[in-house]
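Here is a walk through one protein model, taken a piece at a time. Keep the structure open beside you and follow along.

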Amino acid sequence: MQGIIFTEFLDLVDEAFGPEVTEALFEQVELPSGGAYTRVGNYDHEEIVALVVALSDRVNKPVAELLYTYGYYLFPRLMELYPQRLSHCDNSFDFLYAVENEIHTHVKKIHVSAEVPTFEFPKRDENHMEVIYNSKRGLADVAHGLIARCCDHFEETIDIDLTDLSGQDKTRVCFRLTRQASE
């Protein structure tokens with residue numbers, strides 16, 4: 001998993017809960033990397049899972065809620081990192097399509113061994129879009145937060161309904177987006 005995912009998560013923990021909580025996580029969780037993350041490094045996704053579970057225990061919030069919050073927090077950073085690839089996006093649907101077809105493609109070219117989630121778009125029209133998230137990591141709650149912040153960014157009222165197609169492990173989740181008519 002890309003290092004930026006780790007560094008941005010730790011920035012969120014610092015901002016939301018304080019640097020002392022971040023330090024406590026490092027003391028609590030045994031990390032193969034030692035917790036020395038760089039934005040361009042690659043790390044085992046199990047490390048972020050361990051950090052989120054430890055944070056959940058420490059702050060008494062469900063893991064799913066923390067992952068959603070992280071996705072919501074991460075969205076503006078993606079906009080900063082990939083402005084040239086996203087400047088043509090005028091709405092949430094365009095942006096989500098660009099994540100798969102431009103950002104993930106770009107990441108895989110630069111980091112050949114990168115295992116990014118994939119998105120399928122079985123249905124898309126002016127007011128509806130289905131996005132199927134696929135990742136063996138099961139971090140669909142992060143995707144949910146990203147999608148919600150994306151809708152807020154474009155100032156669109158979009159209902160987001162999700163169905164875990166994989167059972168309970170959230171490795172394949174269908175997000176059904178319905179754009180509400182503007183008044």
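**A guided walk**

Let's start with Tyr-133, which is buried, at a relative accessible area of 3%. Here "buried" means under 20% relative accessible area, "exposed" means over 50%, and "partly exposed" is anything in between, using a 1.4 Å probe and protein chains only. Before going further, a word on what you're looking at: this is a predicted model, in which local features need pLDDT of at least 70 and side-chain atom pairs count only at pLDDT 80 or more, while totals for chains, interfaces and linings use all residues. Residues are numbered from 1 along each chain as its sequence is written, and side-chain values use heavy atoms, with hydrogens and water left out.

Back to Tyr-133, which sits in strand E2. Helices (H or I, at least four residues) and strands (E, at least two) are DSSP runs, numbered from the N terminus. What does Tyr-133 touch, not counting residues up to four places away in sequence? Its contacts (heavy atoms within 4.5 Å) include Pro-117, Thr-118 and Phe-119, then Gly-138, Leu-139, Ala-140 and Ala-143, and also Lys-170, Thr-171, Arg-172, Val-173 and Phe-175. Take Thr-171 from that list: it is 38 residues from Tyr-133 in sequence, and the two are 7.4 Å apart in space, C-alpha to C-alpha.

Move on along the chain and you reach Arg-137, in the loop between strand E2 (128–134) and H7. Arg-137 is buried too, with a relative accessible area of 14%. Setting aside neighbours within four places in sequence, Arg-137 is in contact with Met-1, His-45 and Glu-115.

Next comes helix H7 itself, residues 140–153. How far should its 14 residues span? At 1.5 Å a residue (the expected span being 1.5 Å times one less than the number of residues), the answer is 20 Å, and the end C-alpha atoms are indeed 20 Å apart, so the two agree. Eleven of the 14 residues are buried, so H7 is largely enclosed by the rest of the structure. Among those buried residues are Ala-140, Asp-141, Val-142, Ala-143 and His-144, as well as Cys-150 and Cys-151.

Just after H7 you'll meet Glu-155, in the loop between H7 and strand E3 (158–164). Is Glu-155 buried or exposed? At 75% relative accessibility, it counts as exposed. Its phi is positive, about 55 degrees, although it is not a glycine. Asn-60, in the loop between H3 and H4, also has a positive phi, near 55 degrees, in a residue other than glycine. Asn-60 is exposed, with a relative accessible area of 70%.

Now for the start of the chain. Helix H1 (residues 3–17) and helix H4 (residues 63–81) have axes that come within 10 Å and cross at roughly 115 degrees. Axes here are lines fitted to C-alpha atoms, for helices over the stretch in contact, and angles run from 0 to 180 degrees between N-to-C directions. On the H1 side, the contact is made by residues including Ile-4, Ile-5, Phe-9 and Leu-12, and on the H4 side by residues including Leu-66, Tyr-70, Tyr-73 and Leu-74. By class, the contact has ten nonpolar, one polar and four charged residues. For that count, Ala, Val, Leu, Ile, Met, Phe, Trp, Tyr, Cys and Pro are nonpolar, Asp, Glu, Lys and Arg are charged, and the others, Gly among them, are polar.

H1 also holds Val-13, which is buried at a relative accessible area of 1%. Leaving out residues up to four places away in sequence, Val-13 touches Gly-18, Val-21, Thr-22, Leu-25 and Leu-55.

That brings us to helix H2 (residues 19–28), where Val-21, Thr-22, Ala-24 and Leu-25 are buried. They cover an arc of only 160 degrees around the axis, which puts them on the same side of H2; the arc is that of the directions from the helix axis to the C-beta atoms. On the other side of H2, Glu-20 and Glu-27 are exposed. What covers the buried residues of H2? The cover includes H1 and helix H3 (45–59).

One last stop is Tyr-97, in helix H6 (residues 92–110). Tyr-97 is partly exposed, with a relative accessible area of 37%. Apart from neighbours within four places in sequence, Tyr-97 is in contact with Phe-121, Arg-124 and Met-129.
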